[in-house]
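Dear colleague,

I am passing on the structure we spoke about, together with some notes on what turned up when I went through it. Please have the sequence and the model open while you read.

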Amino acid sequence: MVVTSLMLLVAAGVSGGVALFPTSDVKNDTTPAVVRVMEQVLSTVAYSDYSISFLTDGFTSASTVYKLVDQLRIPGGVGIFEVAGERPEIQLSLVIDHIKRLRELTSHTTVLVISDDPAFLAAFAEWSLKGRLLVWSTRLLAVTRLTLSELHPLHRAFSKSNAMLLIFKDESANIRCNMYVHLPYSPKEAKALKVATWTPRQGLTLTTHLQLFPNKFSKFLHRPTLLAASEVNPFNKIITIQDAKAPGGQRSIYKGPVPELMAYLAKGLNFSYTYVRPPNGFWGAKLSNGSWVGMVGMVKREEVSIGVGPFIFSGQRAEVVDFTVPILIDYWRILGVRGRPTVDPWSFLFPLAPLVWAAILAALVMLPAVVFLMSSCFFPKKEYQENWILVIFGYSRILLQQDILVPVDLWWERVMLAVWMLTTLVLTRSYAGNLMSLLAVRHILEPYQSRRVVLDDPSVTMIWERGSAVGRYLSSVKSGIYREIAEAEKEGRLIWRTHKQFAGDIDTLVRRGDHVLMEVDSGLKAYVSQDFGKTGECSFYESKEEFLPLMFGMIGPKDSPLIPALNKRITSMTEAGLFFQWLKTDEPNSTVCYRAPTKITVKSTLSLTNTWGMFVVIVTGHTFSLLVLCLELLSHQR
Ligand SMILES: *[C@@H]1O[C@H](CO)[C@@H](O)[C@H](O)[C@H]1NC(C)=O
């Protein structure tokens with residue numbers, strides 16, 4: 001194992017004063033006691049490769065620290081830092097950078113701060129927050145002889161980090177030490193919670209059910225009230241009701257899957273919460289001066305502890321806040337109108353594919369031609385065989401299941417006819433069967449299943465959301481299918497509409513059939529279900545193709561230990577499928593039209609609108625015969 005050892009002594013301006021660990025020439029030596037406490041505390045650290053960074057304020061003698069290092073036999077590496085002199089702030093920020101670098105090289109780091117100077121400890125707490133040293137995986141143990149009330153300025157930093165206070169009392173050779181934990185989200189005046197004591201005789205005793213370095217965020221002990229930023233969205237409906245008792249005479253009720261999720265988290269983590277709405281209803285945008293407005297800004301400035309959202313993951317937001325694991329992963333889809341289940345008037349042509357119709361016509365010409373040629377070459381001509389048209393007529397009669405007019409007395413001709421009869425039998429039977437099923441089973445067209453199909457059909461116009469992130473993406477993209485989509489605007493095949501206009505557009509443009517709407521799946525589901533509620537039928541469909549994935553999560557301040565605690569609960573919630581259950585109970589019709597059948601069977605009489613194709617055939621056929629009649633009359637006269 002590589003043991004990294006790094007030592008940094010910054011500006012040694014050591015003068016006399018109270019040293020926590022006096023050197024051996026002082027009568028009352030506490031060093032052995034300290035070593036034993038440390039041994040016991042560190043033995044509770046479950047990792048075999050933990051490392052320690054010592055930080056002292058210059059009043060602790062270096063030899064004591066070395067003695068400590070010698071005795072403790074720290075497996076994962078040791079760093080020893082000393083900050084002394086005039087301007088501790090500047091040195092502290094430097095030292096914290098070094099500790100962070102050391103932390104990257106080692107694992108399971110504990111920072112051990114030894115000082116009896118309240119100003120030094122307070123400065124350290126502040127700088128370690130600023131320097132992002134106190135993330136949850138780094139433990140902090142502050143060893144001191146100060147009293148709790150003198151250490152009050154540490155409350156903010158210690159309550160939100162994995163920190164413990166170890167306070168020594170060595171009055172008249174009676175050594176005793178107490179260990180304290182600052183509870184998260186506790187009021188400023190709240191006292192730290194004593195979790196353990198140590199005396200030379202009794203050793204280490206835990207005073208509560210908590211371990212040393214307890215995971216105080218996994219379940220809050222005192223049910224703190226957290227502020228949570230929240231705003232209206234499809235997952236989070238806010239209903240304002242009149243209530244005389246409430247301030248302002250109004251009260252807001254939160255409904256939907258996200259409020260259900262909040263209640264679930266609050267119960268799991270033992271906290272209560274108050275919703276705060278952002279000014280102007282902004283979600284979170286970065287201004288040109290670098291500051292953030294909206295809920296993301298509120299979380300960044302730590303005015304609230306949770307941003308409920310759910311927020312779409314983005315790199316820019318992740319720079320200033322921490323996201324939980326995704327609550328939901330959603331995709332964009334295409335919304336189109338479903339075709340009507342009507343019978344096509346030309347449906348009598350559909351039972352056979354165009355190629356089959358062509359093959360039948362070809363056979364009708366080829367077979368009589370072969371018969372005519374063969375018989376005229378090898379056999380003396382009979383009267384009827386001179387007329388080629390008559391032979392074709394004979395074969396056509398068989399196709400239409402009629403008898404043969406002229407006698408066939410040669411065997412090879414009979415074989416030809418028999419084969420043709422067999423073929424026509426199969427053809428006519430399959431035609432009749434297919435026609436029957438076509439009339440009974442109706443197809444509902446859902447043509448636009450992918451972006452490619454929409455792009456390739458010049459008759460359809462796309463509707464995209466104006467002013468959204470995806471709109472900016474479309475206008476900036478250089479190549480690929482989104483470039484093609486953006487270019488469709490030049491042909492007038494893309495229009496931009498705001499979110500508010502969507503409901504109206506769906507009812508007019510999309511319902512007409514020549515427009516499709518591009519939207520996030522959960523939003524489309526809401527439109528489809530609202531339409532189902534109004535009309536009682538599934539008029540719209542969502543494309544099978546999904547694109548532009550989106551992840552939704554809650555947010556918290558950077559490095560907040562609340563996020564891992566929330567993650568654990570959110571993961572078990574999504575694994576159990578609870579969120580989708582809440583979605584379903586919120587919009588009971590949301591899944592009714594999901595994958596609605598595109599083939600339905602009907603039992604109804606056929607009307608003229610379904611059959612006029614047949615009459616067109618009769619009329620054109622008879623007109624044609626009339627024309628032929630005229631021609632024949634003309635030729636007879638001549
Ligand atoms: C939750 O907080 C309350 C304080 O309001 C406390 O009495 C209770 O023990 C806590 N529950 C758990 C499981 O810690």
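I begin with Ser128, which is buried, its relative accessible area being 0%; please bear in mind here and throughout that this is a predicted model. Ser128 belongs to helix H4, which covers residues 118-130, and once its neighbours within four places in sequence are left aside, the residues in contact with Ser128 are Ile96, Leu133 and Leu134.

A second buried position is Trp464, again with a relative accessible area of 0%, and this residue sits in strand E20 (residues 461-465). Which residues does Trp464 touch, if those up to four places away in sequence are not counted? The list includes the aromatic residues Trp332, Trp496, Phe502 and Phe547, and it also takes in Val470, Leu474, Ile485, Leu494, Ile495, Arg497, Met518 and Leu548. As for the distance to another part of the chain, the C-alpha atom of Trp464 is separated by 50 Å from that of His98, the two residues being 366 residues apart along the chain.

Turning to charged pairs, side chains of opposite charge can pair when their charged atoms come close, and in this model the count comes to 24 salt bridges. I looked at three of them in some detail.

In the first that I would point out, Lys525 is bridged to Asp521, with the closest N and O atoms 2.8 Å apart. Both residues lie in helix H16 (residues 521-535), four residues apart, which is about one turn of the helix. Are these two partners buried or exposed? Lys525 has 17% relative accessibility and Asp521 has 10%, so both count as buried, the cut-off being under 20%. The pair also belongs to a wider arrangement, since Arg333, Asp521, Lys525, Glu542 and Glu546 are linked in a network of salt bridges.

The next pair, Arg483 and Glu487, has its side chains meeting in a salt bridge at 3.2 Å from N to O. These residues too are four residues apart, about one turn, within helix H14 (residues 481-487). Here Arg483 counts as partly exposed at 26% relative accessibility, and Glu487 is likewise partly exposed, with a relative accessible area of 33%.

The remaining pair is Glu491 with Arg493, whose side chains meet in a salt bridge at 3.9 Å, N to O. The two partners differ in their cover, in that Glu491 counts as exposed at 58% relative accessibility, whereas Arg493 counts as buried at 8%.

Finally, there are two surface patches to look at. Lys169, Arg176, Lys191 and Lys194 form a positive surface patch. Of these, Lys191 lies in the loop that runs between strand E7 (174-181) and strand E8 (193-199), and Lys191 is exposed, with a relative accessible area of 71%.

The other patch is nonpolar and has an area of about 710 Å², and its members are Leu608, Trp612, Met614, Phe615, Val616, Val617, Ile618 and Val619. One of them, Val617, is found in helix H19, residues 608-637. At 37% relative accessibility Val617 counts as partly exposed, and this value meets the requirement of over 30% for membership of a patch.

With best regards

Note on methods: Residues are numbered from 1 along each chain as its sequence is written. This is a predicted model: local features need pLDDT of at least 70, side-chain atom pairs count only at pLDDT 80 or more; totals for chains, interfaces and linings use all residues. Side-chain values use heavy atoms; hydrogens and water are left out. Patches are made of residues with over 30% relative accessible area and no salt bridge: like charges are joined within 9 Å, nonpolar side chains (Val, Leu, Ile, Met, Phe, Trp, Tyr) within 5 Å. Accessible areas come from the Shrake-Rupley method with a 1.4 Å probe; for residues, only the protein chains shown count as cover. A salt bridge is a side-chain nitrogen of Lys or Arg within 4 Å of a carboxyl oxygen of Asp or Glu. Lys and Arg count as positive and Asp and Glu as negative; His and the chain ends are not counted. The place of a charge is taken as NZ of Lys, CZ of Arg, CG of Asp or CD of Glu. Helices (H or I, at least four residues) and strands (E, at least two) are DSSP runs, numbered from the N terminus. Buried means under 20% relative accessible area, exposed over 50%, partly exposed in between (1.4 Å probe, protein chains only). Contact means heavy atoms within 4.5 Å.
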